[in-house]
Amino acid sequence: MPKEAPPPLWLLAELTWRCPLHCAFCYNPVDFARHEAELDTQTWRNVIREARALGAAQIGFSGGEPLLRDDLEELVGYARGLGFYTNLITSGIGLTEVRIGKLKEAGLDHIQLSFQDSTRELNDFLTSTRTFELKQRVARLIKSHGYPMVLNCVLHRYNLPHVAQIIEMALDMGAEYLELANTQYYGWALLNRTQLMPTAEQLREAEDVVNAYRARVGERCRILFVVPDYFEVRPKACMNGWGSVFLAVSPDGTALPCHAARSLPGLTFPNVRDTAIKDIWYDSAAFNAYRGEHWMKEPCRDCDERHTDHGGCRCQAYQLAGDAAGADPVCSKSSHHGVVEQAVKLARRHAEAHDTTVQPLVFRSRENSLKAR
Ligand code: FES
């Protein structure tokens, strides 16, 4: 198929699934511990070189926690030398004075630091660690090395009521950019969906708070607020379309058009250990499976919005309705939209303590991953 497919713009290098945190809303695959063999440095260099040759312009070093890889500085320097704009997506754990100095020297352009909450109690509870103060120190370190302060906080029922304090904390840290991204329900977050999903009222209140801050702080800090798609009636243009701009490479070398695709049935995802990036991107059956519109069924096939939302998210269509080629059930035109409404209702019952049958939060850990089916 289509050699006319555009080249990837974004390479997400998921260097490792090891992570010192145990976030209950992590989007990594629940069974990550079954895929532990990591690519070596040379193979990552090949991936980076080939993706750049194809036209990719931005690279995100992510995980797990990418700082757990000793070769991070080398890979950043290599990517920068080839002309990539380099991003580090990190929890900050392991970012010492020495390492940030080396990363700066290697040419790292941008660091995105994640926070879980404005309070030590909730930060430490949600991650199953004691990392609150450490993250504050890392934020100061990032600032003192001349990087823009870019903070990310994943929102859910537990921390949405703290949104004003989270913004205050970000402003105190001198944040230039704050991403308040409501949980997207993949991986561990999907497992914990009923406990994490907010009520519509919580979301509305939080959005009002965000808008008031936006008006007050203006350009000093840009605040992005991403609403969970379960509360929408049209789906998100996931990955801007399958195989359109985004190429993710997992720690074990599996190449994916999105983080969650590994769970889709009937597709064999190529591995960078034995397939060139060019062949993966243009010729693999998996990357072509949902590219363009040839795979669409009703109601997407004749929908006026198909060019902008691309039918929504393939992974969500499979997770919620069992059909990866169907419309994303977030869409009110989907015959499975009721599944989304039911999930929201169930979460509300749980939030109002009317449903005590729901399991407690399952934290991301190697042990829990090995137990997962
Ligand atoms: Fe896979 Fe949306 S997460 S297509």
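## Exercises on a predicted model: helices, packing and unusual backbone geometry

Just after helix 6, G174 has a positive phi of about 80 degrees. The model is a predicted one, and the exercises below work through its helices and then its backbone.

**Exercise 1. Determine which residues of helix 6 are buried, how they are placed around the axis, and what they pack against.**

Solution. Begin with burial, for which a residue needs 20 or more other C-beta atoms within 10 Å of its own; in helix 6 the buried residues are V163, I166, I167, M169 and A170. These residues cover an arc of only 160 degrees around the axis, and therefore they lie on the same side of helix 6. The final step is to find their partners, which are strand 5 (150–155), strand 6 (177–182), helix 9 and strand 7.

**Exercise 2. Describe helix 9 by its span, its buried and exposed residues, and the residue that follows it.**

Solution. Helix 9 runs over residues 200–217, and its 18 residues reach 26 Å from the first C-alpha to the last, close to the 26 Å expected at 1.5 Å a residue. Its buried residues include A206, V209 and Y213, and because they cover an arc of only 60 degrees around the axis, they are on the same side of helix 9. An α-helix has 3.6 residues a turn, so residues three or four places apart point the same way. The face turned away from the buried side of helix 9 carries the exposed residues A200, E201, D208, N211, A212 and A215, whereas the buried residues pack against helix 6 (163–172) and strand 7 (222–226). Helix 9 is followed by G218, and the phi of G218 is positive, near 55 degrees.

**Exercise 3. Classify the packing of helix 6 with helix 9, and then that of helix 2 with helix 3.**

Solution. For the pair of helix 6 and helix 9, the axes come within 9 Å and cross at roughly 30 degrees. Angles under 35 degrees count as roughly parallel, so helix 6 is roughly parallel to helix 9. The crossing of these two helices is right-handed, and the contact is made by V163, A164, I167 and L171 of helix 6 together with A206, V209, V210, Y213 and V217 of helix 9.

For the second pair, helix 2 (residues 72–81) and helix 3 (residues 97–106) have axes 8 Å apart and pack at an angle of about 20 degrees, and helix 2 and helix 3 are therefore roughly parallel to each other. Their crossing is right-handed, with the contact formed by E73, V76, G77 and R80 of helix 2 and by K102, L103 and A106 of helix 3.

**Exercise 4. Locate the cis peptide bonds at G64 and P299 and the positive phi values of S128 and H310, and state whether S128 and H310 are buried or partly exposed.**

Solution. Most residues other than glycine have a negative phi, and most peptide bonds are trans. The bond from G63 to G64 is cis, with omega near 15 degrees, and G64 is in the loop between strand 2 (58–62) and helix 2. The bond from E298 to P299 is also cis, with omega near 5 degrees, and P299 is in the loop between helix 11 (285–288) and helix 12 (306–309).

Turning to phi, S128 has a positive value near 60 degrees and is found in the loop between helix 4 (120–127) and helix 5 (132–144); because S128 has 16 C-beta neighbours inside 10 Å, it counts as partly exposed. H310 has a positive phi near 55 degrees and is found in the loop between helix 12 and helix 13 (314–321), and with 25 C-beta neighbours inside 10 Å, H310 counts as buried.

How values were computed:
Residues are numbered from 1 along each chain as its sequence is written. This is a predicted model: local features need pLDDT of at least 70, side-chain atom pairs count only at pLDDT 80 or more; totals for chains, interfaces and linings use all residues. Helices (H or I, at least four residues) and strands (E, at least two) are DSSP runs, numbered from the N terminus. The expected span of a helix is 1.5 Å times one less than its number of residues. A residue is buried if 20 or more other C-beta atoms lie within 10 Å of its own, exposed if 12 or fewer, and partly exposed in between; C-beta atoms are placed from the backbone. The arc is that of the directions from the helix axis to the C-beta atoms. Two residues are in contact if their C-beta atoms, placed from the backbone, lie within 7 Å. Axes are lines fitted to C-alpha atoms, for helices over the stretch in contact, and angles run from 0 to 180 degrees between N-to-C directions. Angles under 35 degrees count as roughly parallel, over 145 as roughly antiparallel, 65 to 115 as roughly perpendicular and the rest as oblique. A crossing is left-handed if the near helix is turned anticlockwise from the far one by less than a right angle, and right-handed if clockwise.
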